[in-house]
Amino acid sequence: MGGSVVAVSSNAVYSFSKPNRESITLLAGLGVEGDVHAGVTVKHRFRMRKDPSQPNLRQVHLIHEELFDEVRDAGFEVAAGELGENVTTRGIDLLGLPVGTLLRLGDEAVVEVTGLRNPCAQIDTFRKGLMKQVVGRGEDGKVLVRSGIMGVVVTGGPVRPGNPVEVELPAGPHLPLEIV
């Protein structure tokens, strides 16, 4: 099971969107080199106000490019990096992965999946009405969050568009992703 990296993005300052780059470097235990969200402890501004000593389970944000196709069908134009993700992938059901899945990005980098991205009101500020496209309810009434997944860097290395992404599932039982 695998896919590919479509785009990589980072930003040294807090902003909703992140500019696309030719490559990014993942640093073990920290995140994306030079990105404002890199660090051992939480770097998300809201979470830092609550408890700045929390471990950073959100070092790398990944989104599946297929989401952009789906929201385009609903009238929303969204491109790689615009929802604040670091890595945009294609060909992998990121939202269906269990906690602890290892994603091998390119030849060296490995990211361990920690959970779902917590969608925030900035999504509607970016594109009014987009939040309803990335958060909804399934047929069973359960809330569905489709704004990407988060992970921590296990092994550092460069990541570029075109790199393969290999998926290594953890030993069972598999735990579904929850918001981190």
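Colleague: How much area does the protein expose, and what percentage of it do carbon and sulfur atoms supply?

Modeller: Bear in mind that this is a predicted model, where local features need pLDDT of at least 70, side-chain atom pairs count only at pLDDT 80 or more, and totals for chains, interfaces and linings use all residues. Residues are numbered from 1 along each chain as its sequence is written, and side-chain values use heavy atoms, with hydrogens and water left out. Areas come from Shrake-Rupley with a 1.4 Å probe, and for residues only the protein chains shown count as cover. The protein exposes about 8,800 Å², and the carbon and sulfur share is 53%.

Colleague: What is the radius of gyration of the protein?

Modeller: We take it over C-alpha atoms and hold it against the globule rule, 2.2 Å times the number of residues to the power 0.38. For 180 residues that rule gives 16 Å, and the protein comes close to it, so it is as compact as a globular protein of that length, with a radius of gyration of 15 Å.

Colleague: Which element gives the largest share of the largest nonpolar core?

Modeller: A nonpolar core here is a set of buried Ala, Val, Leu, Ile, Met, Phe, Trp, Tyr and Cys residues joined through side-chain atoms within 4.5 Å. This one has 24 residues, and Leu26, Leu103, Leu105 and Ile149 touch the most other members. Elements giving two or more residues include β3 (24–27), β7 (102–105) and β11 (149–155), strands being DSSP runs of E, at least two residues, numbered from the N terminus. The largest share, four residues, comes from β8.

Colleague: And how many residues are in the second, separate core?

Modeller: Phe16, Ile63, Phe68 and Leu130 are among its members. The count for that core is 14 residues.

Colleague: Is glutamate 22 buried or exposed?

Modeller: Glutamate 22 lies in the loop between β2 (20–21) and β3. Buried means under 20% relative accessible area, exposed over 50%, and partly exposed in between, with a 1.4 Å probe and protein chains only. At 74% relative accessibility, glutamate 22 counts as exposed.

Colleague: Which residues is glutamate 22 in contact with, leaving aside neighbours within four places in sequence?

Modeller: Contact means heavy atoms within 4.5 Å. Glutamate 166 sits 144 residues away along the chain, with 20 Å between the two C-alpha atoms. With those sequence neighbours set aside, the contacts of glutamate 22 are Val8, Arg160 and Pro161.
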